[in-house]
Structures are given as structure tokens and as C-alpha cells.
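Got your viewer open and ready? Let's take a walk through this molecule one selection at a time.

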Amino acid sequence: MKVLIVHAHPEPQSFTAALRDQAVATLEAQGHEVQVSDLYKMNWNPVASDADFSNRENPEYLVYALEQRLGVKSQSLAADIQAELDKLLWADLLILNFPIFWFSTPAMLKGWIDRVLVSGICYGGKRFYDQGGLAGKKALVTVTLGGREHMFGEGAIHGPLEDMLRPILRGTLAYVGFDVLEPFVAWHVPYISEEARQQFLVDYGQRLQHLSDDQPLVFPKLSQFDDKLYPLTTNT
Ligand SMILES: Cc1cc2nc3c(=O)[nH]c(=O)nc-3n(C[C@H](O)[C@H](O)[C@H](O)COP(=O)(O)OP(=O)(O)OC[C@H]3O[C@@H](n4cnc5c(N)ncnc54)[C@H](O)[C@@H]3O)c2cc1C
């Protein structure tokens with residue numbers, strides 16, 4: 001299996017980086033090929049802008065997704081986007097590895113998503129959910145949090161974890177066609193003991209060794225909707 005790990009943490013020695021390293025070591029030991037995009041180390045530009053397109057369809061008014069489509073067709077996307085897109089298309093499994101910032105991804109990773117998941121390849125027209133351009137690939141979200149496990153769930157102070165992660169799990173990864181696996185979560189990371197953190201690394205290694213057993217989360221299929229995308233039956 002070919003694996004792309006997109007890692008976003010500003011501190012090279014962070015615990016989140018230790019999870020990245022655990023993933024690389026575990027997956028390579030199993031014979032998988034791994035590439036890492038370490039976004040802060042790469043000084044990744046997270047800002048979607050007109051500079052992403054050298055050959056504009058409409059130089060007067062920027063419609064970002066339409067320019068992405070032309071950029072794909074004319075192979076004129078910015079070089080940093082194209083390099084990440086090539087890695088993404090190479091991979092069978094994408095791992096997004098990051099600390100939760102404000103119930104979300106760090107801006108650095110959000111900017112990778114905005115710029116790399118291009119219209120014309122990853123989605124566009126009726127290419128989404130099970131018909132998304134990246135269908136057939138798997139995705140795993142690996143997150144660290146300050147919050148404790150009991151703070152998440154039905155009736156818990158922050159509500160269900162799946163609600164917090166909905167923009168990334170559903171609105172992004174499932175939308176572009178990935179089979180999205182149950183996230184791996186390291187809770188309360190800065191406040192627990194060294195041993196408890198080590199245990200997360202062990203648990204993560206074990207999870208990665210058995211990833212092929214994981215059943216993906218359930219998301220809509222376009223066949224459950226009519227041609228105007230009204231539900232044919234009761235859907236989520
Ligand atoms: C802007 C911002 C917004 C945030 N929003 C949220 C939010 O909405 N919800 C929420 O729950 N949290 C939030 N947080 C908290 C954040 O998610 C956590 O602080 C972060 O996930 C902790 O992981 P880390 O990798 O940064 O830990 P680090 O701070 O890098 O590490 C924690 C400890 O682990 C140690 N460590 C490093 N490597 C290892 C290793 N190999 N083995 C054992 N120990 C090791 C480090 O030395 C350190 O003592 C936010 C933080 C910021 C900055």
C-alpha cells in the first residue's frame with residue numbers, strides 16, 4: 001500500500017510529530033511505501049489565491065474552483081499544488097495528522113485542503129461522496145486534543161466528536177470519495193503522564209497494523225438521491 005501522511009504541527013518535537021513517526025515506522029515495517037508532507041517544515045503556502053494559476057480562464061474575476069479545473073486540464077496549476085496532488089493521487093491511504101485547533105484543523109492544513117483537493121479531479125459536477133474523484137482510496141484522521149474523552153459524546157459538554165470533525169470527515173474526505181476510517185484520537189495530550197502518552201503511541205501502532213480490518217464510516221451514496229439530489233428514501 002502507498003501511504004501519504006500530511007502532517008501539520010508548528011513544533012518539530014511535538015507529540016503529534018511522534019504519532020507521525022510512529023505511523024512511518026509501523027507502516028514501513030509492514031512493507032508499505034510512505035511519503036510525508038510536513039507542512040510547516042515545507043513552509044507550505046496555505047493561502048488560496050490567483051497566484052495558483054498561471055493560465056487564467058478569466059483574468060478579470062477569480063472563480064477559484066473553475067480556475068482549478070482549467071489548471072488541471074492545461075497542467076498549469078502552481079508547482080507546489082501539483083507536487084502535492086501527485087502524491088495524493090499516488091497514495092492508496094491518506095493520513096491527516098494534526099492537533100485540533102478550535103474544533104478544527106490548523107490553518108496550515110486547511111490551506112492544503114483548499115489548494116490541493118482540486119475541482120476537476122477530486123470533485124466537480126456530480127463527482128462527490130461515493131462518486132468522488134478519490135473513490136477507492138482510504139483516509140484516516142489522526143488527531144491530538146487538549147480535551148478529555150468524557151467531554152465528547154451525546155450530552156457531553158462539547159457534544160459528539162463526530163460533530164466536531166464533521167467538516168473534515170464528511171465535508172472534505174467523504175465528499176471527495178475517500179473511504180473514511182474511524183479517527184484515531186489522543187486525548188488530553190499535554191496534561192497526561194509520559195506513560196499515558198507512550199500508550200497512545202503503542203495503541204496507534206497497533207491500530208495501523210490492523211487497518212485493513214477497519215470498516216469505513218457510513219456516508220451517503222448518490223444512488224440514494226434523485227437527479228436533483230432530493231432523497232429517494234430517508235437518508236442521514
Ligand atoms: C490555537 C489552538 C487551538 C486549540 N483548540 C483546541 C480545541 O478546540 N479543542 C481541544 O481539545 N484542544 C485544543 N487545543 C489544544 C491542542 O489540540 C493540544 O494542545 C494539542 O493537540 C496537543 O498535542 P501536541 O502534539 O501539540 O502536544 P505537545 O505540546 O507537543 O506535547 C505534549 C507533551 O508530550 C511530550 N512528548 C513529545 N513527544 C513525546 C513522545 N514521543 N512520547 C511522550 N511524550 C512526548 C512533550 O514533551 C510535551 O510535554 C488548541 C490549541 C491551540 C494552540
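Here is a tour of the structure, stop by stop. One thing to keep in mind as you click around: this is a predicted model.

**Stop 1: the ligand**

Select the ligand and show the residues around it. Which residues come nearest to the ligand? Of the 21 residues around it, the nearest are His9, Thr16, Ile100, Trp102 and Thr144.

Now zoom in on the oxygen atoms of the ligand. An oxygen atom of the ligand sits 2.5 Å from an N or O atom in the side chain of threonine 16. Next, display the backbone of phenylalanine 15, where a polar atom is 3.1 Å from a ligand oxygen. Do the same for leucine 145: a polar atom of its backbone lies 3.4 Å from an oxygen of the ligand. Taken on its own, the ligand has 1000 Å² of accessible area, and the protein covers 66% of that.

Try colouring by helix. Which elements give two or more residues to the shell around the ligand? They are helix H1 (15-29) and helix H7 (194-209). H7 gives the largest share of the shell, with four residues. If you colour the shell by class instead, you get 11 nonpolar, eight polar and two charged residues.

**Stop 2: salt bridges**

Time for some charges. Side chains of opposite charge can pair when their charged atoms come close. How many salt bridges does the structure hold? There are nine, and we'll visit a few of them.

Select arginine 20 and aspartate 38. Their side chains meet in a salt bridge, with 3.0 Å from N to O. Arginine 20 is in helix H1 and aspartate 38 is in strand S2 (residues 33-38), so this pair ties together parts of the chain that are 18 residues apart in sequence. Are these two residues buried or exposed? Both arginine 20 and aspartate 38 are buried. Add Asp21 to your selection too, and you'll have a network of salt bridges linking Arg20, Asp21 and Asp38.

Next, pick glutamate 67 and arginine 56. They form a salt bridge as well, and their closest N and O atoms are 3.5 Å apart. Glutamate 67 belongs to helix H2, while arginine 56 is in the loop between S2 and H2, so here the parts tied together are 11 residues apart in sequence. Glutamate 67 has a relative accessible area of 2%, so it is buried.

Then go to aspartate 80 and arginine 115, another salt bridge, with the closest N and O atoms 3.0 Å apart. This pair links distant parts of the chain, since aspartate 80 is in helix H3 and arginine 115 is in helix H4, 35 residues apart. Check how covered each partner is: aspartate 80 counts as partly exposed because its relative accessibility is 29%, whereas arginine 115, at 1%, is buried.

**Stop 3: a buried glutamate**

Stay with helix H3 (residues 79-90) and select glutamate 84 there. Its relative accessibility is 2%, so glutamate 84 counts as buried. What joins the side chains of glutamate 84 and serine 37? It is a polar contact of 2.7 Å.

**Stop 4: a patch on the surface**

Switch to a surface view and highlight Tyr61, Val63 and Leu66. Together they form a nonpolar patch on the surface, with about 300 Å² of accessible area. Leucine 66 is part of helix H2 (residues 64-73). Why does leucine 66 count as partly exposed? Because its relative accessible area is 43%, which falls between the 20% limit for buried and the 50% limit for exposed.

**Stop 5: a glycine in a loop**

Jump to the loop between helix H4 (107-116) and strand S4 (138-144), where you'll find glycine 132. Glycine 132 is buried, as its relative accessible area is 6%. Show tyrosine 175 alongside it: the two C-alpha atoms are separated by 6.4 Å, although these residues are 43 apart along the chain.

**Stop 6: two positive phi angles**

Finish with the backbone. Select histidine 188, in the loop between strand S6 (184-186) and H7. Histidine 188 is not a glycine, yet its phi is positive, at about 55°. With 14% relative accessibility, histidine 188 counts as buried.

Last click: leucine 229, in the segment after H7. Leucine 229 also has a positive phi, near 70°. Its relative accessibility is 34%, so leucine 229 counts as partly exposed.

Note on methods:
Residues numbered from 1 in each chain as written. Predicted model: local features only at pLDDT ≥ 70, side-chain atom pairs only at ≥ 80, totals over all residues. Heavy atoms only, no water. Patch = residues over 30% accessible without salt bridge, like charges linked within 9 Å, V, L, I, M, F, W, Y side chains within 5 Å. Areas by Shrake-Rupley, 256 points an atom, 1.4 Å probe, with all protein chains shown as cover. Salt bridge = Lys/Arg side-chain N within 4 Å of Asp/Glu carboxyl O. Buried < 20%, exposed > 50% of the residue type's maximum accessible area, 1.4 Å probe, protein only. Near = heavy atom within 4 Å. Polar contact = N/O pair within 3.5 Å; in protein donor to acceptor, adjacent residues only side chain to side chain. Nonpolar A, V, L, I, M, F, W, Y, C, P; charged D, E, K, R; others polar.
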